[in-house]
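User: Could you take a close look at the charged side chains in this structure for me, and then walk outward from there into the packing? I would enjoy one connected account.

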Amino acid sequence: MAKDHGATRTLEDWQKTSRQYWEAWSDATRKAFGGTADATSPDQMPWHEGLEQWSRMFDAGKAQNAQSETVERLLAGARSYFALLQSMADQSSQGNADPQAWTESLRNAFNFPGADAALVDNPLARAMRELSGSGAKGFEQMMEGLQPALREVRAMLDLPAFGYAREHQEQHQRMAKAWLDYQQETNRYNTLIARASKRAFELFEDKLAERGEPGRQVDSVRGLYDLWVDAAEDGYAEVALSDEFREVYGALVNAQMRVRQAMQKEVEKISNDLGMPTRTEIDSIGKRVHELHRASRNRAEDDAALRAEIAALRAEVEQLTGTRPIAAQPQGASIRKRATKPATKSSKE
Amino acid sequence: MDPIRIDPKRALDEALRAQQKLAASLRTLRQVEDVDYGATDKEEIYREDKVVVYRYKGKGKPTAKAPILICYALVNRPYMVDLQDDRSLVKNLLALGEDVYIIDWGYPDGGDRWLTLDDYINGYIRRSVDAVAKHAGVKKINLLGICQGGAFSLCFTALHQEKLQNLITMVTPVDFHTRDNMLSHWTRGMDVDLFVDTLGNVPADLMNWCYLTLKPVRLNQQKYVAMLDILDDKVELENFLRMEKWIFDSPDQAGEAFREFIKDFYQGNKLVTGGLKIGGKDVSLKNITLPVLNIFAEQDHLVPPSAARPLGDHVGTKDYTQLAFKGGHIGIYVSGRAQREVPPAIHEWLAKRTR
């Protein structure tokens, strides 16, 4: 009963602090910008919502373009941090002392709802999401399960093409195969990123265990966050420097290039049909222009070197024949003089 | 004892502080101008295609006997060496009496797709060195190569040593196959022919993505969480934005040169193992017999010290000096420590050797 009473009081305290948080946020934004933060259900409001509101106000004020990209990156990075702040504050309000519970709480904090869906198509963001999300746990098993279906599609693509549109059909088959290969390599890559994520949390627990000594305890959310980042980078580096990662990374890049090449071929075909210049033709012209440019520059340099050598030889001849050095005379005069004199052997000959 | 002791009130305070910073930023982000870079005036002394060579104008006349030509990497813009008034390698070198020139590679486009390493090293760099020597009225100059530009400078020196007095390399990879070189590790499974044949020039965005994934959480998230702390400080915010601008202001890479660089340096490690040819000419580091100063950063995640340190084992010179800087790949130019330590070290080393 006393325990229940204590828990109720903790919850009430927590709701009170959350409310204070939102009031302070509303006050701060009002003072800074004259805007107002949404005041609905502060107890339920995720803390990163403050960041979203800030983002909306920032957009409304039309940020300078040069800075808006940085603001986007700030938003992406800080969202996780605010989710972590809330999760950690929540955890500490429950008086939980178990490192594993902290780790799980941290894991959940990075898996917060409302993450920007547009980031899903960004490879790094996807990697980041899987680095930190507990949803990646069964990823390897899931991919294993999909293999039979992928094999079936691949077998269909191996069927022989025939008839009038045979070449076109083969090109489409090659493109579809390249796409499937790319999907497969992406999955292998993501599997390794998931492994890095798992390793990061193991290392995080190790790092936490080291902080059990007096004077080394983590006493701030930022401190905890920084510790997690160290663990995440260590875990990632372990995987990224492995021979397996090197092979998978290379295969992924190569697979993506094969997809791009297949698409380029398709575009070339369409361009040809429409009588438009193709990438291959432009490359070919570009290469020829470059070779001409290089040859002409080399020739110009050779000419300059020859001119310098001729001038030096002329000067030497003038000295040997007792006339003034060529540098001191106008060029025309020297040529006229040379033309009227009989040829003399130079020491260079 | 529990490893974590976070008072809920303290967590709330942290959240409030962060939100207050956000609120303040609504004002400061509007006060900051579109950040500019470059602290030092400069004049153009040579131009060829998209390449421009500039001479920096110091407040006084240079006292050094030979000028320094900075050869930067192709993968980022060279203004990192003169980012802002209080973070400028160039400004500090000028203040010490050096005469400083720099090669600006420009932004390659489709017309530069077929540029090779021969074009860059035996062409652009050689003619830039000649132009600087002519402009300064000297026969030989000092070359300072940075990162990939350092690798180019090593090749250039091995081939055209007669044009130089001294060589300085900064954060320059030499042995590309050390165990901790993540970038090199990743490139070794790549079919670079397929890559360049497909892409032509290599897009800057792709390069940036690759660099960010070297330290994905630190570079893509933690850095921006730390940005929260300075959102109410206009000066710090401008410094941050200036650095951001530099990081993402990346030129595309000329396809053929990229193909050769990945094959011969990252995959073949030919600077160390031998067999490197540029424009049909053998490049051997043993041919480098002039004085060499090799500066690298101890916390460099792009060019690990293990990749830069072996230079001394491979050059032919008997006058080799190396300097390990406590910092990272960027900090070696912009940190406070760098301003205090790096320019004087270069100046003193050169003063003893330049005739």
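Analyst: Happy to. A good place to begin is a network of salt bridges that links Arg297(A), Glu301(A), Glu48(B), Asp49(B), Arg126(B) and Arg127(B). Please keep in mind that this is a predicted model. Side chains of opposite charge can pair when their charged atoms come close. Over all chains, a search of the whole structure finds 38 salt bridges.

Let us stay with chain A for a moment. Its secondary structure comes to eleven helices and zero strands, and helix H7 covers residues 166–210. In that helix, Glu185(A) forms a salt bridge with Arg188(A), with 2.7 Å between the closest N and O atoms. These two are separated by about one helical turn, because they sit three residues apart in H7. Glu185(A) counts as buried, since its relative accessibility is 14% and the cut-off for buried is under 20%. Arg188(A), at 30%, counts as partly exposed.

A second pair reaches further along the chain. Glu238(A) and Arg199(A) meet through their side chains in a salt bridge, at 2.8 Å from N to O. This pair links distant parts of the chain, 39 residues apart: Glu238(A) belongs to helix H8 (residues 221–240), and Arg199(A) to helix H7. Both ends are partly exposed, Glu238(A) with a relative accessible area of 43% and Arg199(A) with 26%.

Chain B offers a further pair, Lys270(B) with Asp264(B), whose side chains meet in a salt bridge at 3.1 Å from N to O. Here Lys270(B) is partly exposed at 26%, whereas Asp264(B) is buried at 14%.

From charges we can move on to rings. Trp105(B), Tyr120(B), Tyr124(B), Phe152(B), Phe176(B), Phe261(B), Phe265(B) and Tyr266(B) form one aromatic cluster. The count over all chains comes to 17 aromatic pairs. In the pair of Phe176(B) and Phe261(B), the ring centres are 6.1 Å apart and the planes stand at 85°, so the arrangement is edge-to-face. Phe176(B) lies in the loop between E8 and H5 of chain B and Phe261(B) in helix H10 (residues 255–267), so the pair ties together parts that are 85 residues apart in sequence. Both Phe176(B) and Phe261(B) are buried.

That loop between strand E8 (164–170) and helix H5 (182–187) also holds Val171(B), which is buried with a relative accessible area of 1%. Leaving aside neighbours within four places in sequence, the contacts of Val171(B) include Ile146(B), Asp300(B) and Tyr333(B). Val171(B) and Asp300(B) are 129 residues apart in sequence, yet their C-alpha atoms are 8.0 Å apart in space.

Tyr333(B) then leads us into the nonpolar packing. The largest nonpolar core has 125 residues, and those with the most contacts inside it are Val81(B), Ile146(B), Met170(B), Tyr333(B) and Ile346(B). Helix H3 (residues 117–136) of chain B gives the most to this core, with nine residues. Another core, of 41 residues, lies apart from it and has among its members Val221(A), Leu224(A), Val217(B) and Val225(B).

To finish at the surface, Ile270(A), Leu274(A) and Met276(A) form a nonpolar patch with about 310 Å² of accessible area together. Leu274(A) is found in helix H9 (residues 243–274) of chain A and counts as exposed at 59% relative accessibility.

Terms used. Residues numbered from 1 in each chain as written. Chains lettered and ligands numbered in written order. Predicted model: local features only at pLDDT ≥ 70, side-chain atom pairs only at ≥ 80, totals over all residues. Heavy atoms only, no water. Patch = residues over 30% accessible without salt bridge, like charges linked within 9 Å, V, L, I, M, F, W, Y side chains within 5 Å. Areas by Shrake-Rupley, 256 points an atom, 1.4 Å probe, with all protein chains shown as cover. Salt bridge = Lys/Arg side-chain N within 4 Å of Asp/Glu carboxyl O. Helix = DSSP H or I, 4+ residues; strand = E, 2+ residues; numbered from the N terminus. Buried < 20%, exposed > 50% of the residue type's maximum accessible area, 1.4 Å probe, protein only. Core = buried A, V, L, I, M, F, W, Y, C linked by side-chain atoms within 4.5 Å. Contact = heavy atoms within 4.5 Å. Phe/Tyr/Trp six-rings, centres within 6.5 Å; stacked < 30°, edge-to-face > 60°.
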